[in-house]
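Work through the exercises below with the sequence and the 3D view open. Each task is followed by a solution in steps.

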Amino acid sequence: MTNVAGFLNAMQITHLSLTNFRNYGRLELALPAGTTLLFGANAQGKTNLLEAIYYLATTRSPYASHDSQLINWEALQGDDLIVVGRLAAQVSTGRGDLRVEMRLIRENRNGNGGFRREALVNQVKVRLMDLLSNIRVVQFLPQDVQVLTGPPAGRRRYLDITLCQTDPIYCQTLATYNKVLEQRNATLRRMNEEGVGQDVLPIFTEKLVNLGGNIFRRRAAFFLELARQAQRIHYEELTDGQEAIKLAYLPRISRDRVDNDPAGQYNEVWEETSDWLVHSTTGAIAERFQRALQGAMSRDVAQARTSVGPHRDDWSLWVNRRDLASYGSRGQQRTAMLALKLAEINWMTGETGETPILLLDEVVAELDDKRRRLLLDYVQRGAQALLTATDPGMLSDAFLAQSTNMRVERGRVQPATILSEG
Ligand SMILES: Nc1ncnc2c1ncn2[C@@H]1O[C@H](COP(=O)(O)OP(=O)(O)OP(=O)(O)O)[C@@H](O)[C@H]1O
Ligand SMILES: [Mg+2]
């Protein structure tokens with residue numbers, strides 16, 4: 001398959017194997033380049049298949065509250081001592097071919113045994129975080145808007161998953177930061193409860209500000225580029241120059257005026273701070289972060305937690321200086337999120353020189369004609385995309401003629417032709 005840009009490398013999953021994953025007892029599926037449409041009635045396994053690919057790419061499920069839920073429940077019902085759910089993908093990338101595998105292992109001692117995960121690349125065990133960046137995906141879900149309207153943790157997760165897929169160093173830094181943060185918070189708690197720990201606090205603080213400096217800087221640079229793309233796509237491609245959005249990174253590097261401002265209003269301070277982060281050295285950022293921690297010290301001891309830092313970051317989308325999450329119409333929110341996701345594709349392609357794999361679950365039905373055409377245009381430009389639909393009639397004959405169509409039925413996937421009514 002050649003894509004429009006021609007010179008881009010194409011990332012593609014050529015084969016997917018699932019064992020005891022969700023409603024797939026066993027699946028061996030060859031996947032072609034280009035667009036694959038998975039269609040079928042409700043509750044047959046369409047979403048589960050996309051979830052498997054997303055999970056291999058990110059080590060996260062968008063749905064499960066605990067990963068052991070991903071293991072096929074019939075397999076868990078038996079009296080095997082150990083039940084293994086296995087996901088594996090054969091991937092062809094610009095760097096050569098890879099086999100990426102994840103094992104979900106449940107020790108089934110009367111239903112309350114332990115659970116663990118193993119990650120493998122080319123049959124060799126690796127840390128979970130090293131699985132990331134081997135398969136890169138951008139996923140579209142009908143509930144994407146909830147990222148925008150929900151709590152900040154969801155927006156941080158979105159940000160981190162996107163960055164981790166392209167930047168293993170960022171991912172490692174973030175993991176270390178979170179560990180140090182826990183240690184620092186434990187120290188604050190001891191200072192609060194037992195009046196001890198003052199002597200070790202500076203050690204954790206110093207580690208925290210150095211790691212945090214890198215995270216702030218990387219995120220600011222990411223948003224600078226993502227905002228440029230999202231704002232352009234929104235203005236030019238999605239609203240024909242009718243409406244301009246702003247995407248802003250809200251770094252929690254200080255507790256200045258911003259925190260006292262009424263919610264929902266755009267504040268230039270964020271832009272200035274982001275700009276400063278992009279153009280400063282990590283040393284200078286660490287220093288500023290350190291001053292903020294110093295300023296927050298007495299309150300942080302009282303609350304036994306660290307109140308400034310990238311772990312409290314947020315981002316937001318704005319129209320006319322108003323926060324879309326609080327003031328936007330449903331349609332405005334959806335359009336803005338679509339712009340953000342399309343920007344993510346461009347950003348990832350630019351960062352890595354490879355188009356990511358696109359996963360679209362039931363989103364086509366949600367869009368009006370214009371947006372659907374634009375999204376499908378991106379889909380067809382990429383190297384590989386998987387779409388699901390309960391009703392393939394939502395898609396044009398021209399689209400169906402060029403996509404590989406497969407029917408999903410009770411955990412089986414079969415090539416199928418879709419007869420047009422015309
Ligand atoms: N751990 C599990 N073990 C076995 N089956 C499971 C497990 N988790 C979920 N399922 C089942 O998998 C089935 C298929 O779910 P999936 O969400 O993939 O359906 P779908 O084809 O996307 O349907 P819809 O069109 O309604 O979105 C559901 O009936 C669900 O109950
Ligand atoms: Mg579904």
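**Exercise 1.** In which loop is Ala304 found?

Solution. Ala304 sits in the loop between helix H8 (282-303) and strand E11 (314-319). Helices (H or I, at least four residues) and strands (E, at least two) are DSSP runs, numbered from the N terminus. This is a predicted model, in which local features need pLDDT of at least 70 and side-chain atom pairs count only at pLDDT 80 or more, while totals for chains, interfaces and linings use all residues. Residues are numbered from 1 along each chain as its sequence is written, chains are lettered from A and ligands numbered from 1 in the order in which they are written, and side-chain values use heavy atoms, with hydrogens and water left out.

Next, the backbone: Ala304 is not a glycine, yet its phi is positive, about 55 degrees. Last, the accessibility: Ala304 counts as buried, because its relative accessibility is 15%. Buried means under 20% relative accessible area, exposed over 50%, and partly exposed in between (1.4 Å probe, protein chains only).

**Exercise 2.** Describe Arg321 in the same three steps.

Solution. Arg321 is found in the loop between E11 and strand E12 (322-323). Its phi is positive, at about 65 degrees, although Arg321 is not a glycine. With a relative accessible area of 41%, Arg321 is partly exposed.

**Exercise 3.** Determine the strand order of the sheet that contains E11, and find the helices that pack on it.

Solution. Start with the order: 3 strands form an open sheet, E10-E11-E12, with antiparallel pairing. Two strands pair if DSSP finds at least two bridges between them. The edge strands are strand E10 (245-250) and E12, each of which pairs on one side only.

Then take one pair: E11 and E12 are antiparallel, over 2 bridges. Trp318 has Asp323 in E12 as its bridge partner.

Now the helices. Helix H6 (residues 201-238) lies across E10 and E11 and runs at about 170 degrees to E10. Helix H7 (residues 268-279) also packs on the sheet, where it touches E10 and E11, and its direction makes about 65 degrees with that of E10. Contact means heavy atoms within 4.5 Å. Axes are lines fitted to C-alpha atoms, for helices over the stretch in contact, and angles run from 0 to 180 degrees between N-to-C directions.

**Exercise 4.** Which parts of the chain does the ring pair of Phe223 and Trp315 link?

Solution. A search of the whole structure gives 9 aromatic pairs. Rings of Phe, Tyr and Trp (its six-membered ring) pair if their centres lie within 6.5 Å; planes under 30 degrees apart count as stacked, over 60 as edge-to-face and the rest as tilted. The pair of Phe223 and Trp315 is tilted, because the planes stand at 45 degrees, and the centres are 6.3 Å apart. This pair links distant parts of the chain, with Phe223 in helix H6 and Trp315 in strand E11, 92 residues apart.

Check the burial of each partner. Phe223 is buried at a relative accessible area of 5%, and Trp315 is buried at 1%. Ring pairs link Phe223 and Trp315 with Tyr158, Phe222, Tyr249 and Trp347 into a cluster.

**Exercise 5.** Which cysteines form the disulfide, and what is its handedness?

Solution. The structure holds 1 disulfide, meaning a pair of cysteine sulfur atoms within 2.5 Å. Its partners are Cys164 and Cys171, with sulfur atoms 2.4 Å apart. The torsion about the S-S bond is about 100 degrees, so the disulfide is right-handed. Cys164 is buried, with a relative accessible area of 5%, and so is Cys171, at 9%.

**Exercise 6.** Trace the pairing of strand E5 on its way from E2 to E6.

Solution. Strand E2 (residues 12-21) pairs with strand E5 (residues 82-93) in the antiparallel sense, over 7 bridges. In this pair, His15 has Gln90 in E5 as its bridge partner. E5 and strand E6 (residues 96-107) are joined by 12 bridges and run antiparallel. The bridge partner of Ala88 in E6 is Glu101. A hairpin of 2 residues joins E5 to E6.
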